[in-house]
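Colleague: I would like to learn how to read a structure of this kind feature by feature. Could we go through it together?

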Amino acid sequence: MRKNFGAKSLLYPQAVFIIASYDENGKADAMNAAWGGIAGANKIFLCIGSHQSTENILARKAFTVSMGTEAQMTACDYVGIVSAKTEPDKMKKAGFRTVKSEFVDAPVIEELPLTLECRLNSYDPETHYMFGEVVNVSADESVLNDSGMIDPVKLRPIIYDGVHKTYHVLGEKVGDAFSVGGRLK
């Protein structure tokens with residue numbers, strides 16, 4: 001038997017995206033968002049409302065998106081519950097240090113080892129839908145495997161459970177994509 005929950009945005013996993021941008025004075029800011037994902041080979045989709053980050057992105061036409069990690073869970077949650085509009089030292093209190101992206105006019109948070117560097121494509125103020133073009137992905141060597149590729153076990157990305165308002169670490173490998181299904185051929 002199945003239980004019906006009605007029309008809700010219950011989908012697992014929901015990534016913990018830390019969206020970073022510069023304000024009009026070049027000061028770095030970040031926010032936490034769970035509604036988004038890949039929208040094509042080099043496109044990203046986010047749904048973000050009226051935030052300081054939204055204003056920054058619209059002005060600068062650029063942003064970065066990093067995966068929240070277990071090691072930085074407290075800081076990631078903090079930038080989601082505190083606004084730069086009311087806390088000017090938000091990034092410092094979070095313990096986040098930034099460097100300017102080589103590819104877009106936005107900051108890269110050094111403590112978050114995986115970052116998508118994006119150029120703004122469009123934003124709809126009615127729906128809050130934002131689309132960006134991913135122009136570069138950078139990853140700290142600490143999260144790479146022996147082949148030089150990103151290792152999710154080393155990255156330890158966190159996911160958001162909106163039902164229980166909790167974070168979880170992305171789990172263990174259970175199979176090989178484009179392979180295990182071959183057993184049914």
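Modeller: We will go from the overall fold to the pockets, the cysteines, the aromatic rings and the backbone. Please keep in mind throughout that this is a predicted model.

Colleague: Let us begin with the whole chain, then: how many helices and strands are there in the protein?

Modeller: The protein has 4 helices and 12 strands. Its radius of gyration is 17 Å, which is close to the 16 Å that the globule rule gives for 185 residues, so the protein is as compact as a globular protein of that length. Along the principal axes, the C-alpha atoms fill a box of roughly 60 × 45 × 30 Å, and 40% of the 185 residues count as buried.

Colleague: Turning to the pockets, how much space lies in the largest pocket, and which residues are the closest to its centre?

Modeller: The largest pocket holds about 370 Å³ of space. It is lined by 23 residues, of which Met31, Asn32, Ala33, His51 and Gly80 are the closest to the centre. When one asks which elements build such a lining, those that give two or more residues to it are strand β3 (28–33) and the helices α1 (52–60) and α2 (73–81). By class, the lining of the largest pocket divides into 12 nonpolar, 7 polar and 4 charged residues.

Colleague: And what volume does the second largest pocket have, and how does its lining divide by class?

Modeller: The second largest pocket has a volume of about 300 Å³. Of the 15 residues in its lining, Pro13, Gln14, Ala15, Ala34 and Gly36 are the closest to the centre, while β1 (14–15) and β5 (43–47) are the elements that give two or more residues to that lining. Here the classes are 12 nonpolar and 3 polar residues, with no charged residues.

Colleague: For the cysteines, how many disulfides does the structure hold, and why do cysteine 47 and cysteine 76 form no bond?

Modeller: The general idea is that a disulfide is a covalent bond between the sulfur atoms of two cysteines. The structure holds 0 disulfides, and distance gives the reason for both residues you name. For cysteine 47, the closest cysteine sulfur is that of cysteine 118, which is 16 Å away and therefore too far for a bond. The sulfur of cysteine 76 likewise has that of cysteine 118 as its closest cysteine sulfur, at 16 Å, which is again too far for a bond. Cysteine 76 also counts as buried, with a relative accessibility of 0%.

Colleague: How should I read the aromatic rings, and how many aromatic pairs does a search of the whole structure find?

Modeller: One reads such a pair from two values, the distance between the ring centres and the angle between the ring planes. The search of the whole structure finds 3 aromatic pairs. One of them is formed by phenylalanine 45 and tyrosine 129, which are edge-to-face at 5.4 Å centre to centre, with 70° between the planes. This pair links distant parts of the chain, since phenylalanine 45 is in strand β5 and tyrosine 129 in strand β10 (residues 129–139), 84 residues apart. Phenylalanine 45 is partly exposed at 23% relative accessibility, and tyrosine 129 is partly exposed as well, at 40%.

Colleague: What is the geometry of the pair made by phenylalanine 45 and phenylalanine 131?

Modeller: That pair is tilted, because the ring centres of phenylalanine 45 and phenylalanine 131 are 5.2 Å apart and the planes lie at 50°. With phenylalanine 45 in strand β5 and phenylalanine 131 in strand β10, the pair ties together parts that are 86 residues apart in sequence. Phenylalanine 131 is partly exposed, at 33% relative accessibility. Taken together, ring pairs link Phe45, Tyr129 and Phe131 into a cluster.

Colleague: Finally, where is there a cis peptide bond, and which residue in the loop between β11 and β12 has a positive phi?

Modeller: The cis peptide bond joins tyrosine 12 and proline 13, with omega at about -10°, and proline 13 is in the segment before β1. As for phi, lysine 165 has a positive value of about 55° although it is not a glycine; this residue is found in the loop between β11 and β12 (166–169) and is exposed at 64% relative accessibility. Arginine 156 also has a positive phi, near 55°, and lies in the loop between α4 (152–155) and β11 (158–161), where arginine 156 counts as partly exposed at 34% relative accessibility.

Notes. Residues numbered from 1 in each chain as written. Predicted model: local features only at pLDDT ≥ 70, side-chain atom pairs only at ≥ 80, totals over all residues. Heavy atoms only, no water. 1 Å grid on protein atoms, 1.4 Å probe; cavity = no way out; pocket = protein on both sides within 12 Å on 5 of 7 lines; lining within 4 Å. Points joined across faces, edges and corners; volume = space filled by probe spheres on them. Nonpolar A, V, L, I, M, F, W, Y, C, P; charged D, E, K, R; others polar. Disulfide = S-S within 2.5 Å. Buried < 20%, exposed > 50% of the residue type's maximum accessible area, 1.4 Å probe, protein only. Phe/Tyr/Trp six-rings, centres within 6.5 Å; stacked < 30°, edge-to-face > 60°. Rg over C-alpha atoms; globule rule 2.2 N^0.38 Å.
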